[in-house]
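Morning, everyone. Please have a look at the chain on the screen, and then I'll walk you through it.

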Amino acid sequence: MTVTSLVSTALAEAWALVAPVDCAGCGAHDRALCPSCVAGLQSRLMRATLEVDGSSLPLVAALPYAGVARRALLALKHEGRTELARPLAQVLLAAVTAAWHGSGAELLVPVPGSRAAAARRGFGPVALITRRAGLAVTHALRPVSAGPEQKALRLEQRLATDAGRWRASSRVSGRRVLLVDDVVTSGATLRAATRALRAAGAEVAGCAAMAAAVRRWGESSIHWEFFAVDDERHGDNEPVEDYREGKEA
Ligand SMILES: [Zn+2]
């Protein structure tokens, strides 16, 4: 048994004490996450760049948005399985650690979810996960409330004015920030957040996300590749296209 699997088993046992629930990954009884699903949350770091108004924003994600990572995040969001925030925090921490290193960032700024969804659930998933990860974050982004004139816009017009969906606090002025999000899909949210932060005078160093949706054809043009922090200088990265999940339910 490796050290990693020992630690994983110990963590899984600890989570099992929280509540008599079924594994969010596979449905096995009496564990929030069984040892094999905990192992499925082992980070496989991925990176990409996102073009935002002529500059390239480096993105790091800990895992593809698939399998256990996807099921655990959905269970947290839609079934209120908040005990999953702790194992997911370890996933986010891996991405933040890799993205923070060498970025020159001074602040971590989470991308807030919709206020309506947070009010319905009673918690914001990203806020909860960053808290469980013990990360000191600066809540600098606020959604711009839709005025009557904005509500009257048709969908295409609203998408065109997407850049105005967030407003950033003046606290970030002159600071270098790293964005933190749960899942990167098309990158539209990150672009909007980056524009809002830049408008407030911040420099955006990049984004760390728990997971990246790599196979949503037509929705994402982001090209992800796996990398290992230790192998970074050797240039033998595995392209994500070679990745096969094989057991997505
Ligand atoms: Zn399981």
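Let me start with a question: leaving aside its neighbours within four places in sequence, which residues is serine 169 in contact with? Keep that in mind while I place the residue. One caution before that: this is a predicted model.

Serine 169 sits in the loop between strand E5 (166-168) and strand E6 (176-184). It counts as partly exposed, because it has 16 C-beta neighbours inside 10 Å; buried would take 20 or more, and exposed 12 or fewer. Now the answer. Beyond the sequence neighbours I set aside, within four places, serine 169 is in contact with Ala140 and Ala200. There is also a pair to look at across the sequence. Serine 169 and leucine 197 are 28 residues apart in the chain, yet their C-alpha atoms are 8.0 Å apart in space.

Leucine 197 takes us to helix H9. Leu197 is one of the buried residues in H9. The others there are Thr189, Leu190, Ala192, Ala193, Thr194 and Ala196. Is the length of this helix what we should expect? Let's ask it properly: what should the twelve residues of H9 (residues 188-199) span at 1.5 Å a residue? The expected figure is 16 Å. The end C-alpha atoms are 17 Å apart, so the two agree. Just after H9 comes glycine 201, with a positive phi of about 90°.

And what does H9 lie across? It lies across E1, E2, E3, E6 and strand E7 (203-212). Relative to E6, H9 runs at about 160°.

So, on to the sheet. Six strands make it up, in the order E3-E6-E7-E2-E1-E8. The sheet is open, and its pairing is mixed. At the edges are strand E3 (107-110) and strand E8 (225-226), each paired on one side only. A general reminder: strands of a sheet pair through backbone hydrogen bonds, either parallel or antiparallel.

Take E1 and E2 in detail. Strand E1 (residues 46-52) and strand E2 (residues 55-64) run antiparallel, joined by seven bridges. Leucine 50 stands opposite leucine 57 in E2. Arginine 47 has valine 60 as its bridge partner in E2. Arginine 47 also stands opposite glutamate 225 in E8. That fits the pairing of E1 with E8, which is antiparallel over two bridges.

The hairpin of E1 and E2 has two residues between the strands. Aspartate 53 is in that loop. Its phi is near 50°, a positive value in a residue other than glycine. Is aspartate 53 buried or exposed? Exposed, because it has just 10 C-beta neighbours inside 10 Å.

There is another aspartate to put beside it. Aspartate 30 has a phi near 65°, again positive in a residue other than glycine. Aspartate 30 lies in the loop between helix H1 (3-16) and helix H2 (35-40). With 11 other C-beta atoms within 10 Å, aspartate 30 is exposed.

One more loop. Alanine 136 is found between helix H6 (125-132) and strand E4 (141-143). It has 8 other C-beta atoms within 10 Å, so it is exposed. Alanine 136 and leucine 107 are 29 residues apart in sequence, but 8.3 Å apart in space, C-alpha to C-alpha.

Now the inside. Nonpolar side chains tend to be buried together in soluble globular proteins. Here, the largest nonpolar core has 70 residues. Ala61, Leu88, Leu92 and Ala95 have the most contacts inside it. Which helix gives the most to this core? Helix H4 (residues 85-100), with eleven residues. And where does the core lie? Both domain 1 (1-40) and domain 2 (43-242) give residues to it, so the core lies between them.

Look at alanine 95 as an example. Setting aside neighbours within four places in sequence, alanine 95 is in contact with Val60, Ala61, Ala62, Ala208, Ala209 and Met210.

Last, the whole chain. It has nine helices and eight strands. Of its 249 residues, 37% count as buried. Among contacts with a separation of 6 or more, 72% come from residues 24 or more positions apart.

That's the tour. Over to you.

Note on methods
Residues are numbered from 1 along each chain as its sequence is written. This is a predicted model: local features need pLDDT of at least 70, side-chain atom pairs count only at pLDDT 80 or more; totals for chains, interfaces and linings use all residues. Helices (H or I, at least four residues) and strands (E, at least two) are DSSP runs, numbered from the N terminus. Two residues are in contact if their C-beta atoms, placed from the backbone, lie within 7 Å. A nonpolar core is a set of buried Ala, Val, Leu, Ile, Met, Phe, Trp, Tyr and Cys residues joined through C-beta atoms within 7 Å. Domain bounds come from an automatic or database domain assignment. The expected span of a helix is 1.5 Å times one less than its number of residues. Two strands pair if DSSP finds at least two bridges between them. Axes are lines fitted to C-alpha atoms, for helices over the stretch in contact, and angles run from 0 to 180 degrees between N-to-C directions.
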